[in-house]
Amino acid sequence: MVRAGLTTDRLVRAGAELADEVGFDQVTVSALARRFDVKAASLYSHLKNSQDLKTRIALLALEELADRAAEALAGRAGKDALIAFADVYRDYARAHPGRYAAARHPLDPESAAASAGGRHAQMTRAILRGYDLPEPGQTHAVRLLGSVFHGYVSLETAGGFSHSAPDSQESWTRILDALDSLLRAWPTA
């Protein structure tokens with residue numbers, strides 16, 4: 001019997017909140033059932049298993065990030081767009097560490113194709129068109145930006161920059177300035 005009030009959407013959102021609290025790796029159907037004070041079996045009418053729950057949380061996180069990035073990018077170009085886009089990822093990771101980890105969760109090809117991941121790529125490429133980067137340079141630049149944003153955010157959220165001056169925000173600003181300069185002078189060969 002389906003427990004009143006439990007829906008797939010409600011469970012996924014509660015799973016995302018749980019991920020932010022205890023870490024994405026700790027999210028399971030059993031942990032989610034404890035949150036609702038029900039038996040895990042009562043959740044299986046909404047979720048196949050813990051992998052299904054994690055995939056759904058990943059899809060939610062990708063959607064939330066894409067929506068925030070699209071809003072931040074509206075009307076911006078060049079360096080302003082680059083900074084707005086980067087700040088969305090950094091702010092999201094700091095506010096929602098479990099969901100940010102979920103956004104990097106490997107997806108099967110069908111789930112990936114249906115996800116907001118494509119929107120992320122389109123927005124990144126739109127920013128790079130403002131720098132007049134043709135292929136294959138554009139693909140290399142997409143990979144560079146993703147690596148820098150994710151690497152910095154991962155180190156920062158793990159406390160990697162809290163032990164020395166200057167503060168993390170100053171470094172972030174300098175890194176984005178450097179990325180802007182690099183993109184403006186991107187090598188053609």
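# Briefing on helix α4 and its surroundings

Helix α4 buries Gly78, Ala81, Leu82, Ala84, Phe85, Ala86, Val88, Tyr89, Arg90, Tyr92 and Ala93. The model is predicted. It contains 9 helices and 0 strands, and the order along the sequence is α-α-α-α-α-α-α-α-α. The points below begin with α4 and then turn to the aromatic residues, the largest pocket, other parts of the chain and the backbone.

**Overall fold**

- Of the 189 residues in the protein, 42% are buried.
- Along the principal axes, the C-alpha atoms occupy a box of roughly 60 × 40 × 30 Å.
- Among contacts with a separation of 6 or more, 69% join residues that are 24 or more positions apart.

**Helix α4**

- The 18 residues of α4 reach 26 Å from the first C-alpha to the last, which is close to the 26 Å expected at 1.5 Å a residue.
- The cover over the buried residues of α4 includes α3, α5 (97–102), α7, α8 and α9 (168–184).
- Phenylalanine 85 and tyrosine 89 are both buried. These two residues lie 4 residues apart in helix α4, so about one helical turn separates them.
- An α-helix has 3.6 residues a turn, so residues three or four places apart point the same way.

**Aromatic residues**

- The whole structure holds 5 aromatic pairs. In the pair of phenylalanine 85 and tyrosine 89, the ring centres are 5.0 Å apart and the planes meet at 70°; because planes over 60 degrees apart count as edge-to-face, this pair is edge-to-face.
- Phe85, Tyr89, Phe149, Tyr152, Phe161 and Trp172 form a cluster linked by ring pairs.

**Largest pocket**

- The largest pocket encloses about 410 Å³ of space. Its lining comprises 17 residues, and those closest to the centre are Leu62, Tyr89, His120, Thr124 and Gly146.
- Two or more lining residues come from each of α3 (50–73), α4 (78–95), α7 (117–129) and α8 (137–157).
- Helix α8 supplies the largest share of the lining, with 5 residues.
- By residue class, the lining consists of 10 nonpolar, 6 polar and 1 charged.
- Tyr89 thus appears in several settings: it is among the buried residues of α4, it belongs to the ring cluster, and it is one of the residues closest to the centre of the largest pocket.

**Helix α1**

- Helix α1 (residues 8–22) has 15 residues, which at 1.5 Å a residue should span 21 Å; the end C-alpha atoms are 20 Å apart, in agreement with that expectation.
- The buried residues of α1 are Leu11, Val12, Ala14, Gly15, Ala16, Leu18, Ala19 and Asp20.
- These buried residues pack against α2 (29–36), α3 and α5.
- Glycine 23, just after α1, has a positive phi of about 105°.

**Serine 168**

- Serine 168 is located in helix α9. Its relative accessibility is 14%, so serine 168 counts as buried, the cut-off being under 20%.
- Leaving aside residues up to four places away in sequence, serine 168 touches Arg90, Tyr152, Glu156 and Phe161.
- Two of these residues, Tyr152 and Phe161, also belong to the ring cluster, and Arg90 is one of the buried residues of α4.
- The C-alpha atoms of serine 168 and glutamate 156 are 7.5 Å apart, and the two residues are 12 residues apart in sequence.

**Backbone features**

- Most residues other than glycine have a negative phi, and most peptide bonds are trans.
- A cis peptide bond, with omega near 0°, runs from glutamate 135 to proline 136. Proline 136 sits in the loop between α7 and α8.
- The peptide bond from alanine 165 to proline 166 is also cis, with omega near -5°. The loop between α8 and α9 holds proline 166.
- Aspartate 37 has a positive phi, near 55°, and is placed in the loop between α2 and α3. Its relative accessible area is 68%, so aspartate 37 is exposed, the cut-off being over 50%.
- Aspartate 132 has a positive phi, near 60°, and lies in the loop between α7 and α8. With 66% relative accessibility, aspartate 132 counts as exposed.

Note on methods. Residues numbered from 1 in each chain as written. Predicted model: local features only at pLDDT ≥ 70, side-chain atom pairs only at ≥ 80, totals over all residues. Heavy atoms only, no water. 1 Å grid on protein atoms, 1.4 Å probe; cavity = no way out; pocket = protein on both sides within 12 Å on 5 of 7 lines; lining within 4 Å. Points joined across faces, edges and corners; volume = space filled by probe spheres on them. Nonpolar A, V, L, I, M, F, W, Y, C, P; charged D, E, K, R; others polar. Expected span 1.5 Å × (residues − 1). Buried < 20%, exposed > 50% of the residue type's maximum accessible area, 1.4 Å probe, protein only. Contact = heavy atoms within 4.5 Å. Phe/Tyr/Trp six-rings, centres within 6.5 Å; stacked < 30°, edge-to-face > 60°.
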